[in-house]
Amino acid sequence: MHEEFFDGRLIVKSGDLTDETVDAIVNAANSTLLGGGGVDGAIHRRGGPAILKECRDIRATRYPDGLPTGEAVITTGGNLPARHVIHTVGPIYGMNAGRDAELLEACYRNSVKLAVENDLSTIAFPSISTGAYGYPKHEAAPIVFRAVADLLSDHSIELRLVFFSESDASSFVQHCA
Ligand code: AR6
């Protein structure tokens, strides 16, 4: 599926995030920045070692204790069609003293902030935290939609929300309002 909102500036679709030809795709990483499963694994597999090398350098120089939840950093896209990867750490659902929604929203906001600072204007997101990190998809949907609506009104950017399955994408559209 493929649905457009806000005059085409938001695309909600199903597919593999690593296929997106955009300025940046966002990685649902963990605080180690050293890879993992899910979309993180797919990005590093297809993007190649240049991404991991930059992540290691970021850990060594800026985040020796790991990237905090809700923050974002940027690397090359390596061999991906996307020019860059923005790595953010979503909240592990239920482990943040009631701050899950705030932290999920921060992932989207800080990723876009970093993109804009780097003069990037097309950004594709996965459904952060809704896999291994257990965020219920119907609960994440309105939080993400509101965050994205605010970001589109504040910046001249184009956003894509890329869901792995057709049913995740249509469930998002059903629950986002
Ligand atoms: N393209 C688009 N969406 C995908 C893809 C893909 N190639 N692969 C998975 N998804 P997850 P999280 C969807 O688990 O919940 C990793 O091990 C998936 O269906 O990737 O933030 C990290 O290293 C789900 O809806 O991320 C962390 O340790 C969504 O992406 C941890 O998992 C997010 O699922 C992060 O967990």
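The lining of the largest pocket draws at least two residues from each of β3, α1 and β7 (158-163), where helices (H or I, at least four residues) and strands (E, at least two) are DSSP runs numbered from the N terminus. A pocket is defined on a 1 Å grid over the protein atoms alone as an open set of points with protein on both sides within 12 Å along at least five of seven lines, and lining residues have an atom within 4 Å of a point. The model is predicted: local features need pLDDT of at least 70, side-chain atom pairs count only at pLDDT 80 or more, and totals for chains, interfaces and linings use all residues. Residues are numbered from 1 along each chain as its sequence is written, and side-chain values use heavy atoms, with hydrogens and water left out.

The volume of the largest pocket is about 550 Å³, a volume being the space filled by probe spheres set on grid points that are joined across faces, edges and corners. The pocket is lined by 26 residues, of which Ala28, Gly38, Val39, Ser127 and Gly131 are the closest to its centre. The greatest contribution to this lining, four residues, is made by α1. By class, the lining comprises 12 nonpolar, 10 polar and four charged residues; Ala, Val, Leu, Ile, Met, Phe, Trp, Tyr, Cys and Pro count as nonpolar, Asp, Glu, Lys and Arg as charged, and the others, Gly among them, as polar.

The ligand occupies the space of the largest pocket, the criterion being that more than half of its atoms lie within 2 Å of the grid points. Elements giving two or more residues to the shell around the ligand are β3 (24-29) and α1 (38-47). With four residues, α1 provides the largest share of this shell. In total, 22 residues surround the ligand (a heavy atom within 4 Å), and Asn30, Gly37, Asp40, Ser129 and Gly131 are the closest. The shell consists of nine nonpolar, 10 polar and three charged residues.

Three of the short distances to the ligand involve its oxygen atoms. A polar side-chain atom of Asn30 is placed 2.8 Å from one oxygen atom of the ligand. Backbone N or O atoms of Gly37 and Gly131 lie 2.7 Å and 2.8 Å, respectively, from a ligand oxygen atom. Taken alone, the ligand exposes 700 Å², of which the protein buries 89% (Shrake-Rupley method, 1.4 Å probe).

One cavity of 30 Å³ or more is present in the structure, a cavity being a set of grid points where a 1.4 Å probe fits but cannot get out. The largest cavity holds about 100 Å³ of space. Its lining numbers 15 residues, with Ser127, Thr130, Lys137, Phe163 and Phe172 the closest to its centre. At least two lining residues come from each of α4 (137-154), β7 and α5 (166-175), and the largest share, four residues, belongs to α4. The cavity lining divides into 10 nonpolar, three polar and two charged residues.

Methods:
A polar contact is a pair of N or O atoms within 3.5 Å; within protein, one must be able to donate a hydrogen and the other to accept it, and residues adjacent in sequence count only if both atoms are side-chain atoms.
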